[in-house]
Each structure stands twice: as structure tokens, then as C-alpha cells.
Amino acid sequence: MEKLENAELDLEYKVFGTGEKILLIEIGIGSSIYKWFPFVKNIMKDFTIIMYHRAGYGSSRISKNPRTTKNISYELNKFIESLGIKEKVTIMGHSFGGLCALHYVMLFPDKVNGLILLDSTSPNFNRLYNLDIPVMNSLISIDQMVQSNLDNSYKSKEELRNLYNQSIDDCHGILTKNEVIRFEEFITSPNMFKTVAEEFQNWESSSESIKELGEFPNIPLTVIARDIEASVNAFVQHNIPEEEAVKYEKVWRELQIGLSQLSTKGELIIADRSDHGIHLDRPDIVIQGLKRFL
């Protein structure tokens with residue numbers, strides 16, 4: 001891992017590959033770049049890949065600025081400039097990282113070659129919470145996500161280690177011993193959970209801020225969406241009523257279609273048999289989608 005440290009930024013990052021094209025990956029909320037390492041190693045010949053931990057994640061310094069996608073976008077721009085990157089980059093954003101990437105593209109369209117949204121959050125995400133899905137809302141509403149992450153931010157490292165022991169164990173055999181140690185440090189950081197709570201708290205205002213920017217630039221855009229049946233099955237396994245899961249997934253798919261229509265150069269790819277973590281479930285589909293940007 002490398003560190004960029006100056007008066008404005010203190011960010012942890014990692015560069016993979018030697019490809020001519022630059023691919024910057026904006027990870028999902030509460031996610032670490034370590035879980036992306038197995039996927040990234042499949043595209044190292046085609047791209048130079050830059051991954052980083054947003055402020056408050058990993059060993060990246062906590063920011064004094066509110067955790068909005070606007071502030072994250074300006075920090076990302078300073079990060080790219082500080083690395084001395086002059087050419088246009090391709091950005092791939094997963095989940096909440098897609099919302100951040102979308103905001104960045106709209107603020108700095110001249111610095112972007114194209115955008116891949118990997119089962120991304122939509123600025124119109126509120127449609128999901130207007131549905132009649134009481135059980136699901138009791139578990140994964142924005143308020144619930146804020147509170148659960150705030151609760152974790154008050155836990156000790158040992159309590160967090162016990163809570164996320166399975167996630168840590170899952171890394172063995174996939175990551176190196178040192179990477180497992182770094183992931184454990186990541187997932188047992190109370191500050192990370194505090195940052196995630198703040199990102200959730202600003203989710204709605206961030207979405208409105210994106211919509212206020214107007215039209216999306218007419219650049220190459222690929223949206224890769226999860227499989228409805230696979231996600232419904234996953235929700236049911238977590239005790240969500242099937243009827244609620246189907247309602248939720250129907251609207252999620254509509255939102256993915258809407259994202260793909262932001263640009264006349266947009267396309268929609270459905271990741272068959274994949275849940276939300278498409279880069280984990282169907283890396284082959286993500287790799288195929290990236291070929292457009294070579």
C-alpha cells in the first residue's frame with residue numbers, strides 16, 4: 001500500500017498493472033480495496049488500476065469536510081492531480097461508489113474517458129424506500145444503516161473483531177498474510193464505521209446535489225446490474241419476505257435502466273446469476289464490460 005500525504009490529503013492507495021489506459025475504482029460504502037485484489041489481478045495487463053480508501057477508511061485520514069459525494073469528488077480530483085495524472089481516466093464505481101463516481105463525472109467531465117457503474121446506487125434511490133416493504137425497511141432503511149454503523153463506531157477493536165471474524169477468516173487463502181492483517185485493521189476501525197454512518201446520513205442530500213447539476217455528459221457509459229432472481233433469493237435467505245424482495249428488485253432494476261439511459265452512449269448489461277457483488281460473483285462479465293474502454 002502507498003500513502004499520498006500533503007496539507008489537503010492523506011489517502012491510502014494501491015496501483016496495479018501496467019496497461020496504457022488508467023482505470024480508477026471507487027469502492028462501495030464500508031468496503032475495502034483488499035476484497036477487490038483477486039478481481040483486479042485479472043485485468044493488470046490491460047489497465048493501470050488505481051484503488052484508494054476514501055477519507056476515514058483504512059489508514060486514510062478522517063476528513064473535516066462532511067461526507068457528501070460532492071466533497072468526495074473534489075477530494076478524488078485532488079488525489080488524481082497529486083498523482084500527476086494528466087490523461088483522461090476511466091472510472092468504475094460499485095454501489096455507493098457509483099454514486100460518488102457519477103458525481104465526479106458530472107463535476108469533471110473533461111477528465112473522464114468513460115464510466116462503468118457496477119450495480120450502482122441511483123440518485124433516485126428514494127423510490128426504494130417509498131415501497132410497501134415494512135420488514136426490509138426495518139432492516140436496511142437509511143436510518144437503520146446510520147444507526148447500526150454509529151453503534152459499531154462505539155465498539156472496541158476486540159468487539160469488532162469478534163463481530164467480523166467470519167469476514168476476516170474468509171480472506172485467508174485469497175489474500176496474502178500481510179493483506180489479511182491490513183484488512184483486519186480496516187474492519188476493526190471504529191473510525192471507519194463513523195465515516196460510513198456519515199456517508200449514509202448525507203446520502204439523500206448527495207443525491208439531490210447530483211440531480212441539481214443537470215444533464216449527464218455524453219460519454220461512454222456501461223451499467224452492469226445484478227440478477228433479479230439471484231438477489232431475491234439472497235434476501236429470502238436473510239428472512240426478507242419474498243414479496244417484498246421482488247418489489248424491491250423490480251424498482252432496483254428500473255433504476256439501473258434509468259442510469260444506463262443518462263448518456264446516448266450508455267449500455268445496460270445484466271450479470272446473470274450475480275447478486276450485488278458482481279465483481280465477486282461474475283468477474284467475467286465485468287471484465288467483458290471493461291473491454292469497451294480499452
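**The H12–H13 loop**

I started at Asn239, which sits in the loop between H12 and H13. This is a predicted model, and I kept that in mind for every entry here. I looked up the backbone and found a positive phi of about 70° on Asn239, although the residue is not a glycine. I noted the background for that: most residues other than glycine have a negative phi. Buried or exposed, I asked of Asn239? Its relative accessible area is 67%, so Asn239 goes down as exposed, given that the cut-off for exposed is over 50%.

**The two helices either side**

Next I took the helices that this loop joins. I have H12 as residues 228-237 and H13 as residues 242-260. Their axes come within 9 Å and cross at roughly 145°. The crossing of H12 past H13 is right-handed.

Which residues make the contact between H12 and H13? From H12 I listed Ile228, Ser231, Val232, Phe235 and Val236. On the H13 side they meet Glu242, Ala245, Val246, Tyr248, Glu249 and Arg253. I sorted the residues of this contact by type and got 7 nonpolar, 1 polar and 3 charged.

**Rings**

I then went through the aromatic pairs, and the structure holds 16 of them. I picked Phe235 with Tyr248 for a closer look, since the ring centres are 5.6 Å apart and the planes stand at 75°, so the pair is edge-to-face. The cut-off I needed there is over 60 degrees between planes. Phe235 belongs to helix H12 and Tyr248 to helix H13, so this pair ties together parts that are 13 residues apart in sequence. I checked burial too, and both Phe235 and Tyr248 are buried.

I also followed a cluster: ring pairs link Phe96, Phe125, Tyr129, Phe200 and Trp203.

**H3**

Phe96 from that cluster took me to helix H3, residues 96-107. I did a quick length check on H3: at 1.5 Å a residue, its 12 residues should span 16 Å, and the end C-alpha atoms are 17 Å apart, which agrees. How many residues of H3 are buried? I get 11 of its 12, so I wrote H3 down as mostly covered, buried meaning under 20% relative accessible area. The buried set is Phe96, Gly97, Gly98, Leu99, Cys100, Ala101, Leu102, His103, Tyr104, Val105 and Met106.

**Asp119 and Gln256**

I looked for another positive phi outside glycine and stopped at Asp119, where phi is near 45°. Asp119 is in the loop between strand E6 (112-118) and helix H4 (126-129). Its relative accessible area is 0%, so I marked Asp119 as buried.

What touches Gln256, I wondered, if residues up to four places away in sequence are not counted? The list is Asp119, Ser120, Val223, Ile224, Ala225 and Leu268. Gln256 itself is in helix H13, and its relative accessibility of 0% makes it count as buried.

**Three more spot checks**

Leu4 is in strand E1, residues 2-5. I read 12% relative accessibility for Leu4, so it counts as buried. Leaving aside neighbours within four places in sequence, Leu4 is in contact with Leu9, Asp10, Leu11, Tyr13, Phe79 and Ser82. I also took a long-range distance: Leu4 and Ser189 are 185 residues apart along the chain, and 20 Å separates their C-alpha atoms.

Ile25 came next, in strand E3, residues 21-26. Ile25 is buried, at a relative accessible area of 0%. With neighbours within four places left aside, I found Ile25 in contact with Trp36, Val40, Ile49, Ile50, Met51, Tyr52 and Met92. From Ile25 to Glu229 I have 204 residues in sequence and 27 Å in space, C-alpha to C-alpha.

I finished on Ile287, in helix H15, residues 283-290. How far is Ile287 from Gln201, in sequence and in space? They are 86 residues apart in sequence and 33 Å apart, C-alpha to C-alpha. Ile287 has a relative accessible area of 22%, so I put it down as partly exposed. Not counting residues up to four places away in sequence, Ile287 touches Phe39, Asn42 and Ile43.

Conventions
Residues numbered from 1 in each chain as written. Predicted model: local features only at pLDDT ≥ 70, side-chain atom pairs only at ≥ 80, totals over all residues. Heavy atoms only, no water. Axes fitted to C-alpha atoms, helices over the stretch in contact; angles between N-to-C directions. Helix = DSSP H or I, 4+ residues; strand = E, 2+ residues; numbered from the N terminus. Left-handed = near helix turned anticlockwise from the far one by under 90°. Contact = heavy atoms within 4.5 Å. Nonpolar A, V, L, I, M, F, W, Y, C, P; charged D, E, K, R; others polar. Expected span 1.5 Å × (residues − 1). Buried < 20%, exposed > 50% of the residue type's maximum accessible area, 1.4 Å probe, protein only. Phe/Tyr/Trp six-rings, centres within 6.5 Å; stacked < 30°, edge-to-face > 60°.
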